[in-house]
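Visitor: Could you take me on a close look at one part of this model, please? I would like to stay with the place where the chains meet, and hear how it is put together.

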2 protein chains.
Amino acid sequence: MAEIKSFKVMDILEKANEMEDIIHLEIGEPDFDTPIEIKNEGIRAIKEEKIGYTHSMGKKELREAIAMYYNKKYGTNLKYKNVVVSAGTSPALLLAVYTAMEFSGKNEILVSNPGYACYPNFIKFLNGKVSYYELSSEDGFSINIEKIKEKITDRTAAILINSPGNPTGVVLKKKDYMELAELGITIISDEIYQGLVYEGKQYDTILNYTVNAIALNGFSKLFAMTGWRLGYLIIPDRYIMLTQKLEQNLFISANTISQYAAIEALTNENVDKQINNMVKEYNKRRLFALAEIKKWGLKVAANPLGAYYIIIDVREYTNNSLIFAYKTLEKARVAVTPGIDFGTNLEGFIRISYAVSIENLEEGIKRLGEYLQNEKKIGKETRR
Amino acid sequence: MAEIKSFKVMDILEKANEMEDIIHLEIGEPDFDTPIEIKNEGIRAIKEEKIGYTHSMGKKELREAIAMYYNKKYGTNLKYKNVVVSAGTSPALLLAVYTAMEFSGKNEILVSNPGYACYPNFIKFLNGKVSYYELSSEDGFSINIEKIKEKITDRTAAILINSPGNPTGVVLKKKDYMELAELGITIISDEIYQGLVYEGKQYDTILNYTVNAIALNGFSKLFAMTGWRLGYLIIPDRYIMLTQKLEQNLFISANTISQYAAIEALTNENVDKQINNMVKEYNKRRLFALAEIKKWGLKVAANPLGAYYIIIDVREYTNNSLIFAYKTLEKARVAVTPGIDFGTNLEGFIRISYAVSIENLEEGIKRLGEYLQNEKKIGKETRR
């Protein structure tokens, strides 16, 4: 029971919310509003449509729109029948882990250390075994296929990947995908930050490299639709029947209003333009944040090409990122996420988010920088 | 894998939807529209609120509104901190089953035969063991505490109850609740059809009889909000921390638009009036259907005091309710749910729903009645 861990960032967030004059760089949520065309379609649906249950796999029009969107943006060749709509990417992951274990008859899932804090808890919830593959600071937290290979056993059901990665912002390269595909093991690919890529290919998917994969995605990040709670899985043919049964039984169907809105998100050209503008704005913030971090003499520990996160190495100040995060909150009045939330390999690091305004980024990094310069001075004085 | 069963009614529904001139009595969904005040609040939220993640347990205002609603309608004394909002009653059940197993350290869940077809699948999904307690036609499918007692073992984690019951419409009495509470075993009480009770106490909950219980409820049925996908659990104090972790990890939070709408559903007096009118209308249909069923010489097998279902005994025509349902669909052009969907004890019975218009009820029961009179005649001729 004690095994299911809560995010430490949640506790920090709660504490931060009780305080005044805090700069929030711990945020995992777009600060943009949902584009107006998507909102209007949600409103239209409430007014004009019967908001009843949909097909358990999702409205056919939405499943088709998702398949077409992937085919256009990612260069895949999907059919709608392989798309399963769910109440967010999280329940989609629950089904992905379950089906991967069922079809392999095995129960070990490989997840990265560091990685998204919830991944291990999905696996534990389903009585699976979590096995970690290492991403190391020496490699800039990018995937090292040899370190994955050495963790594969005859109990390995699937390998979970996430590109762009939370918390590192690292983006998988073609070579990484090809090497992963060659392993011959089911890949569960969390693609929720795809599209938020600022150098190189903007959209890529494991589905371009192997059919032995489950892709997960959703509308929360790219379309700024977190509260609409809509995601999806893309599954191989042989998974369809079981996944449909699970959707029927465990969830009945996803939110109908959000399904209408999501069709608009994928098909409206004005939405597409706004998404492009958001991506440009994120990139502007990213470059700004990187320059500010450098200015204050702080160390970026991974190449942040995607999502909206930057990892900062604070090992010269602390070996306990949780205490460090509480201290920066109290003393520097800036909220950051402790690296330990994402795994032992990120102890001594913090994550900041640039899903905030340029002004807040500037002020937040300044507060962090000044605080650490002061700490260094105190450190030196103490050592005297 | 083969253990996770799909509803057979879904297959019938799909077939029925491809056919023309079918009367649908297999429906499990209110035919009423969501009240306009609830819709308007959903629209207002889209327009005026940031539709971001909420607290993982749900918006505090909604949790408070749910607690107050229970306290007012059911006579409980709940606090908001025991209320957990979820994306429908189904994911709420997933958490209820998981936490009941975790806190007891046991893995057997007792479910009724017959009962809602999905219950066993939630338990199997979580690697629990399903154990059935019998509801028999001799008892009119009401709870018989002795038949529950004989199924309790030292591995029993919880007993799952459902009142008003799907598929039977049977409503638990005070005596039933008291006997269940005295067993000293955690009760998971699915209260999704509460309020849809046409004789006796309109609202009752296991929480009036024991603190060792998890109540499940939602907005789909009573408020005609199926497509809004919003439900909740009411849990004992000691479950709060684990349940919050699970919500955070597995679902992040429930749909934000629906949460705003749900507050309106619980607090708007005009909504309350409309709900009362819907309940009156359901009761009118219920009494009408019972009279029609009698007129055609068909046998009602359980006392349908709640929900919107009636069980009809067709054992003199068939011992295979699935084949029977397909036959009535093809020959009488009326869709019904085969009893076997709900368990072996309902083999030889069918379920019809009165969540349809009086006109359709009349026509549907007439088609069924004529078909069966004809079948009887054929049967007699064959026996000659």
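**A close look at the interface**

Guide: Happily, and let me begin with a small stop inside one helix: Arg44(A) and Glu48(A) sit 4 residues apart, about one turn of the helix, and both belong to helix H2 (residues 36-48) of chain A. Please keep in mind that this is a predicted model. The two side chains form a salt bridge, with their closest N and O atoms 3.0 Å apart. Counted over all chains, there are 42 salt bridges, yet between chain B and chain A the count is 0.

Now to the contact itself. Chain B contributes 57 residues and chain A contributes 57 residues. Together the two chains bury about 5000 Å², and 60% of that area is on carbon and sulfur atoms. Polar pairing is present too: 22 residue pairs are in polar contact across the interface, both residues being at pLDDT 80 or more.

Which helices of chain B supply at least two residues each to the side that touches chain A? They are helix H1 (8-18), helix H2 (36-48), helix H4 (89-104), helix H5 (119-125), helix H8 (240-251) and helix H9 (256-267). H8(B) gives the most, with 8 residues. Sorted by class, this side of chain B has 28 nonpolar, 17 polar and 12 charged residues.

How do the copies relate to one another? Chain B superposes on chain A by a rotation of 180 degrees with 0.0 Å of shift along its axis, at an RMSD of 0.0 Å. The two copies are thus related as by a two-fold rotation axis. What is more, 100% of the interface residues of chain B are also interface residues in chain A, so the copies meet through the same surface.

Helix H5 (119-125) of chain B, one of the helices on the contact side, leads us to a backbone detail. In the loop between strand S3 (108-113) and H5 of chain B lies Pro114(B), and the peptide bond from Asn113(B) to Pro114(B) is cis, with omega near 5 degrees. In chain A, a cis peptide bond joins Asn113(A) and Pro114(A), with omega about 5 degrees; Pro114(A) lies in the loop between strand S3 (108-113) and helix H5 (119-125) of that chain.

One last stop for the backbone enthusiast: Phe141(A) is not a glycine, although its phi is positive, at about 60 degrees. You will find Phe141(A) in the loop between strand S4 (129-134) and helix H6 (145-149) of chain A.

Technical notes
Residues numbered from 1 in each chain as written. Chains lettered and ligands numbered in written order. Predicted model: local features only at pLDDT ≥ 70, side-chain atom pairs only at ≥ 80, totals over all residues. Heavy atoms only, no water. Contact = heavy atoms within 4.5 Å. Buried area = accessible area lost by both parts, 1.4 Å probe. Salt bridge = Lys/Arg side-chain N within 4 Å of Asp/Glu carboxyl O. Polar contact = N/O pair within 3.5 Å; in protein donor to acceptor, adjacent residues only side chain to side chain. Nonpolar A, V, L, I, M, F, W, Y, C, P; charged D, E, K, R; others polar. Least-squares fit on C-alpha atoms with pLDDT ≥ 70 in both.
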